[in-house]
Amino acid sequence: MSPDSLTPGSVRSAAEVNEQIRALWMRAGGTLSSQERAEYELLVVEWAAAIRADIIEAA
């Protein structure tokens, strides 16, 4: 996944992003290449934003 494929303000839920993170780790066999690490970092940022949005929406 390239950084360009992630849209700021993504509408994906935290659960969807978390599933993608889990799939990445499974594909990588527990050891990330530098490209996979970059993808992972982007996914974690997206996941955190989705969690924050869920909390704000619940409030």
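These legends describe close-up views of a predicted model.

**View 1. The whole chain, with 2 helices and 0 strands.** Helix 1 covers residues 14-28, and helix 2 covers residues 34-58. Of the 59 residues of the protein, 20% count as buried. The protein exposes about 4300 Å², and carbon and sulfur atoms supply 59% of that area. Contacts between residues at least 6 apart in sequence include many long-range ones: 50% of them join residues at least 24 apart.

**View 2. The largest nonpolar core, made of 6 residues.** The members are Val-17, Ile-21, Leu-24, Ala-28, Leu-32 and Leu-43. Helix 1 contributes the largest share of this core, 4 residues. Ile-21 is one of the core members. Leaving aside neighbours within four places in sequence, Ile-21 is in contact with Tyr-40, Leu-43, Val-44 and Trp-47. Of these contacts, Leu-43 is itself listed in the core.

**View 3. The salt bridge between Glu-46 and Arg-12.** The two side chains meet at 2.6 Å, N to O. Glu-46 lies in helix 2 and Arg-12 in the segment before helix 1, so the pair ties together parts that are 34 residues apart in sequence. Glu-46 is buried, with a relative accessible area of 10%. Arg-12 is partly exposed, because its relative accessible area is 25% and the partly exposed class runs between 20% and 50%. The side chain of Arg-12 also makes a polar contact with the side chain of Gln-20, at 2.3 Å. Gln-20 lies in helix 1 and counts as buried, because its relative accessible area of 18% is under the 20% limit.

**View 4. The salt bridge between Glu-39 and Arg-27.** By the rule used here, the structure has 2 salt bridges. In the one shown in this view, the closest N and O atoms of Glu-39 and Arg-27 are 3.8 Å apart. Glu-39 lies in helix 2 and Arg-27 in helix 1, so this pair ties together parts that are 12 residues apart in sequence. Glu-39 is buried, with a relative accessible area of 8%. Arg-27, by contrast, counts as exposed, at 56% relative accessibility.

**View 5. The aromatic pair of Trp-25 and Tyr-40.** A search of the whole structure finds 1 aromatic pair. The rings of Trp-25 and Tyr-40 are edge-to-face, 5.5 Å centre to centre, with 80° between the planes. The pair links distant parts of the chain, with Trp-25 in helix 1 and Tyr-40 in helix 2, 15 residues apart. Trp-25 counts as partly exposed, at 28% relative accessibility. Tyr-40 is likewise partly exposed, at 23%. Tyr-40 is also in contact with Ile-21.

**View 6. The surroundings of Ala-50 in helix 2.** Ala-50 counts as buried, because its relative accessibility of 9% falls under the 20% limit. Not counting residues up to four places away in sequence, Ala-50 touches Arg-12, Ser-13 and Ala-14. Arg-12 is the salt-bridge partner of Glu-46. Ala-50 and Ala-15 are 35 residues apart in sequence, and their C-alpha atoms are 8.8 Å apart in space.

How values were computed
Residues numbered from 1 in each chain as written. Predicted model: local features only at pLDDT ≥ 70, side-chain atom pairs only at ≥ 80, totals over all residues. Heavy atoms only, no water. Buried < 20%, exposed > 50% of the residue type's maximum accessible area, 1.4 Å probe, protein only. Contact = heavy atoms within 4.5 Å. Areas by Shrake-Rupley, 256 points an atom, 1.4 Å probe, with all protein chains shown as cover. Polar contact = N/O pair within 3.5 Å; in protein donor to acceptor, adjacent residues only side chain to side chain. Core = buried A, V, L, I, M, F, W, Y, C linked by side-chain atoms within 4.5 Å. Salt bridge = Lys/Arg side-chain N within 4 Å of Asp/Glu carboxyl O. Phe/Tyr/Trp six-rings, centres within 6.5 Å; stacked < 30°, edge-to-face > 60°.
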